[in-house]
Amino acid sequence: DRESAGLLLFTNDGELANRLLHPRYEVTKEYLVWVDGRVEERALRRLEQGLEDDGEWLHAESVTIDEQDGPDYFLLRFIVAEGRKREIRRLCTRCHWRVQSLLRVRLGPLWLDGLALGEVRELTADELKTLRHGVGLAING
């Protein structure tokens with residue numbers, strides 16, 4: 001989603017990439033999402049329970065309000081496990097919220113913390129080991 005920002009993982013390990021992205025492996029991803037619109041607790045619970053959109057069942061593992069700036073401008077924290085295409089934007093649309101900004105802050109055990117916009121770094125051996133283990137791949141392969 002080119003309209004989103006935040007943590008990206010580049011790899012030449014095709015099987016790892018497939019497992020990290022495929023909904024079946026349920027790798028959790030965390031996003032900070034600024035939305036326009038009235039956010040109520042019942043809508044947040046509805047997103048966690050799930051809803052149908054265009055023939056597909058979507059849901060968030062959790063959605064919480066991190067900040068509120070006025071009556072109709074909220075910073076929400078979404079945690080999703082399946083990561084379906086444009087899932088968060090689709091969920092927000094179903095709640096009549098307009099996404100202003102979407103920032104991916106976590107992919108599985110990896111956090112964006114400490115990296116500036118455009119900055120890159122290599123994974124540590126421990127991070128790679130944790131990622132591979134988390135999706136059922138051999139540690140050394």
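**Close-ups of a predicted model**

**View 1. Strand β7 and its partners.** β1 and strand β7 (residues 98–107) run parallel to one another and pair over two bridges. Keep in mind as you look around that this is a predicted model. To find where β1 meets β7, look for Gly 6, which stands opposite Arg 104 in β7. Strand β2 (residues 29–36) also pairs with β7, this time in the antiparallel sense and over eight bridges. A handy landmark here is Trp 34, standing opposite Ser 101 in β7.

**View 2. The hairpin of β7 and β8.** Follow β7 onward and you come to a hairpin with β8, with two residues between the strands. Gly 108 sits in that turn, and its phi is positive, at about 55 degrees. The two strands run antiparallel and are joined by two bridges. Across the pair, Arg 106 of β7 faces Trp 111 of β8.

**View 3. The largest pocket.** Here we turn to empty space: the largest pocket holds about 660 Å³ of it. β1 (5–6), β8 (110–111) and α4 (125–134) are the elements that give two or more residues to its lining. The top contributor is α4, with four residues. In total, 28 residues line this pocket, and Leu 8, Leu 9, Leu 115, Val 120 and Arg 121 are the ones nearest its centre. What kinds of residues make up the lining of the largest pocket? They divide into 18 nonpolar, five polar and five charged.

**View 4. Glu 82 in its loop.** Zoom in on the loop between β6 (73–80) and α3 (87–94), and you'll find Glu 82. Is Glu 82 buried or exposed? Glu 82 counts as buried because its relative accessibility is 16%, and the cut-off for buried is under 20%. Its side chain makes a polar contact of 2.9 Å with the side chain of Arg 84. Leave out the neighbours within four places in sequence, and Glu 82 is still in contact with Leu 21, Pro 23, Glu 26, Lys 29, Trp 57 and Glu 87.

**View 5. Asp 53 and its arginines.** Asp 53 belongs to strand β3 (residues 51–53). With a relative accessible area of 16%, Asp 53 is buried too. Which residues does Asp 53 contact, leaving aside its neighbours within four places in sequence? Those are Leu 58, Arg 90 and Arg 94. With Arg 90 there is also a side-chain polar contact, at 2.7 Å. For a sense of scale, pick out Glu 40: Glu 40 and Asp 53 are 13 residues apart along the chain, and their C-alpha atoms are separated by 20 Å.

**View 6. Leu 91 in helix α3.** The last stop is helix α3, where Leu 91 has its place. Leu 91 is buried, since its relative accessible area is 0%. Try tracing the chain from Leu 47 to Leu 91: they are 44 residues apart along it, yet 7.0 Å separates their C-alpha atoms. Leu 47 is also among the contacts of Leu 91 once neighbours within four places in sequence are set aside. The others on that list are Leu 51, Leu 58, His 59, Ala 60 and Phe 78. If Leu 58 sounds familiar, that's because Asp 53 in View 5 is in contact with Leu 58 as well.

How values were computed. Residues are numbered from 1 along each chain as its sequence is written. This is a predicted model: local features need pLDDT of at least 70, side-chain atom pairs count only at pLDDT 80 or more; totals for chains, interfaces and linings use all residues. Side-chain values use heavy atoms; hydrogens and water are left out. Buried means under 20% relative accessible area, exposed over 50%, partly exposed in between (1.4 Å probe, protein chains only). A polar contact is a pair of N or O atoms within 3.5 Å; within protein, one must be able to donate a hydrogen and the other to accept it, and residues adjacent in sequence count only if both atoms are side-chain atoms. Contact means heavy atoms within 4.5 Å. On a 1 Å grid over the protein atoms alone, a cavity is a set of points where a 1.4 Å probe fits but cannot get out, and a pocket is an open set with protein on both sides within 12 Å along at least five of seven lines; lining residues have an atom within 4 Å of a point. Grid points are joined across faces, edges and corners, and a volume is the space filled by probe spheres set on the points. Ala, Val, Leu, Ile, Met, Phe, Trp, Tyr, Cys and Pro count as nonpolar, Asp, Glu, Lys and Arg as charged, and the others, Gly among them, as polar. Two strands pair if DSSP finds at least two bridges between them.
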